[in-house]
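Subject: Structure for you to look at

Hello,

Please find the structure below. My notes on what was found in it follow, and they are best read with the structure open.

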Amino acid sequence: MADRRESGAREYLIAVGGVLTAALIGLGVRGRLAVIDIAMLFLLAVVVVATRTRLGPALLATGLAILAFDIGFVPPYYRITVDDSAYLLTFTVMLVVAIVMSQLTTRIRTEARAAGDAERHASALFELSRALSGVTDREAALELGLRVIGVAGNGTARFLPRRPGSAERDWLGDDSVGELELRVAAEWSWRHRQPAGLGTAHCADASAFVIPLVAPAEALGLVVFTPLAPDRWPERGERDTVEGLVRQLGDALGRVEAAEGKRQAEAVADAERLRTALLSSLSHDLRTPLGIIEGAASSLLERETPLDPEARPELAATVLEEARRMNRLIGNLLNMVRVESGALAVHASPQPLEESLGVALLRMEERLGERRVDVDLPTDLPLVSIDELRMEQVFLNLLENSARHTPAGTSIAIRAWPQDGEVLVEVADQGPGIPSGQEARVFEKFSRGGDGEATGGLGLGLAICRGIVRAHGGRIWVEPGGVGARIRIALPGAGVSAVPPAEPADAERG
């Protein structure tokens, strides 16, 4: 209010000053210009004042201009009389021009203010929408939204949550709301789901503006907006902006809660799938080797029917092979749990790739059987930044996968080469390959391929490979084309050559 009074006083000073300036100029040229020309000076002053002020100051300027023109420039001078009736038309024109120009100026200002308010409103809504677009946490979204509302409305905003388990809330008994007027405004706003408080017709004496925060599914609470200058609020659409931002924040919180519910439902479904898969594995993949081990151990312990001495080593080898199979299955389960929980520790250091690959080939020698493995690693292959044990697990799973899905007598090709600061590794077999469109799905948990039931396994091998490779900062994918399956891995290079530089020759002495 004080600012508006100051603005009004300034406009009236402009009106007086404009007419006074025209009068002084007219007195200076009174003997050299015709009376009608001096009248144009006063008309110009009226037009200027009307374009810069409201109707009241413009009418004041018109009255002063007519009075000054009559006294100082219409004979007889210095008397409020008009001998020539033609000057009455001049006075009338001045009055009409002042009214018309003032009305046009007021309309232009109103439209410009409305356009500016609309632009600020749209800008604030866009800013809040952009800020909330990537937020997935409810508390973070609420905090960010309140901060944007405070900045856009030139004040501060806080949230009063609804009391859990109650349809209504007695805000009059809540000391955190503030003074009595604001508590009454909060109570009315909550009951009627409409804004109240400062700047409204309900509890206008309150020190803050209260707006219900409503999500699509429920009312969450109240937003209490306190302007920095309560005596000048709201002005230029600030109330509409704050209301619009609160509505948008409610919609955003509804989307966040819906997304959180969807994620929780997906997590429950994923946990259910994991439980089902684990039960299936325990009933089949683990019971099978346990049954074989139990049968072989019973045969070894049989005393009534002595075993052929040559059969004992075969039974012992069977026990060992099935025990290793169980160990791999349990190891894959544990690794998958680590990958899913983010607890997969990787201690990377510059390592030659052939060490992890060599250990994996030795451990898989019996499992590969008659399959030939062709390894092509350049002697100058750069070192890679890897965890040797983790990368050994990757090669074990890839070789296990190839052995499971390829017939005996086929070959497996492993090659590596440097490219763009990375080391690319490819494991290719001569099996049935991966069906088109399933290239990404094979890296999902419990994906066993088209013949999964026949080949067995948990379907975790490639999923674990993907988790370990990503933990190294690398990539793994199915390379299309060719015969069989071709799995490629891109590992970050260590920037160190595997071949040490040659020793410089001693310089010849003269």
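A residue is called buried if its relative accessible area is under 20%. By that rule strand 4 (residues 219–227) is mostly covered, since 8 of its 9 residues are buried. Please keep in mind throughout that this is a predicted model.

The chain as a whole

The chain has 510 residues, and 37% of them count as buried. Its secondary structure comes to 14 helices and 11 strands. The accessible surface is about 28200 Å², and carbon and sulfur atoms account for 57% of that. Among contacts with a separation of 6 or more, 66% are between residues 24 or more positions apart.

Around strand 4

Which strands pair with strand 4? Strand 1 (residues 155–161) pairs with strand 4 in the antiparallel sense, over 7 bridges. Strand 3 (residues 209–214) is also antiparallel to strand 4, and 6 bridges join the two. Strand 3 and strand 4 make a hairpin, with 4 residues between them. A good residue to find here is V224 of strand 4: R158 has V224 as its bridge partner, and V210 stands opposite V224 as well. As background, strands of a sheet pair through backbone hydrogen bonds, either parallel or antiparallel.

The open sheet

Another group of 5 strands forms an open sheet with mixed pairing, in the order 6-8-9-11-10. The edges are strand 6 (372–376) and strand 10 (475–478), each of which pairs on one side only. From one strand to the next, the twist averages 15 degrees. Strand 10 and strand 11 (residues 486–492) run antiparallel and are joined by 4 bridges. Within that pairing, R475 is opposite A490 of strand 11.

Helix 12 (residues 388–405) lies across strand 8 (411–419), strand 9 (422–428) and strand 11. The helix runs at about 175 degrees to strand 11.

The loop between strand 8 and strand 9 holds D420. Phi of D420 is positive, near 50 degrees, although the residue is not a glycine. Is D420 buried or exposed? D420 is exposed, because its relative accessible area is 73%.

Helix 14 and the residue after it

Helix 14 (residues 461–471) is mostly covered, with 8 of its 11 residues buried. The buried residues of helix 14 include L462, I464, I468 and V469. Glycines are on that list too, among them G461 and G467. Just after the helix comes G473, with a positive phi of about 80 degrees.

Aromatic residues

How many aromatic pairs does a search of the whole structure find? It finds 3. One of them joins F42 and F69 edge-to-face, with 5.9 Å from centre to centre and 65 degrees between the planes. This pair links distant parts of the chain: F42 is in helix 2 (residues 35–52) and F69 is in helix 3 (residues 55–73), 27 residues apart. F42 counts as buried because its relative accessibility is 0%. F69 is buried too, with a relative accessible area of 0%. F42 and F69 belong to one aromatic cluster together with F73.

R193 and W190

The charged end of R193 sits over the ring of W190, 4.3 Å from the ring centre. R193 itself is in the loop between helix 6 (180–192) and strand 2 (196–197). R193 has a positive phi of about 55 degrees and is not a glycine. R193 counts as partly exposed, because its relative accessibility is 37%.

A296

A296 is in helix 8 (residues 287–301). Why does A296 count as buried? The reason is that its relative accessible area is 4%, and the cut-off for buried is under 20%. Leaving aside neighbours within four places in sequence, A296 is in contact with L315 and V319. The C-alpha atoms of A296 and T318 are 7.1 Å apart in space, while the two residues are 22 apart in sequence.

Where to begin

V224 is a reasonable place to begin, with R158 as its bridge partner and V210 opposite it. From there you could go on to D420 in its loop, and then to the pair of F42 and F69.

Regards

Methods. Residues numbered from 1 in each chain as written. Predicted model: local features only at pLDDT ≥ 70, side-chain atom pairs only at ≥ 80, totals over all residues. Heavy atoms only, no water. Pairing = 2+ DSSP bridges. Axes fitted to C-alpha atoms, helices over the stretch in contact; angles between N-to-C directions. Contact = heavy atoms within 4.5 Å. Buried < 20%, exposed > 50% of the residue type's maximum accessible area, 1.4 Å probe, protein only. Areas by Shrake-Rupley, 256 points an atom, 1.4 Å probe, with all protein chains shown as cover. Phe/Tyr/Trp six-rings, centres within 6.5 Å; stacked < 30°, edge-to-face > 60°. Lys NZ or Arg CZ within 6 Å of the ring centre and 35° of its normal.
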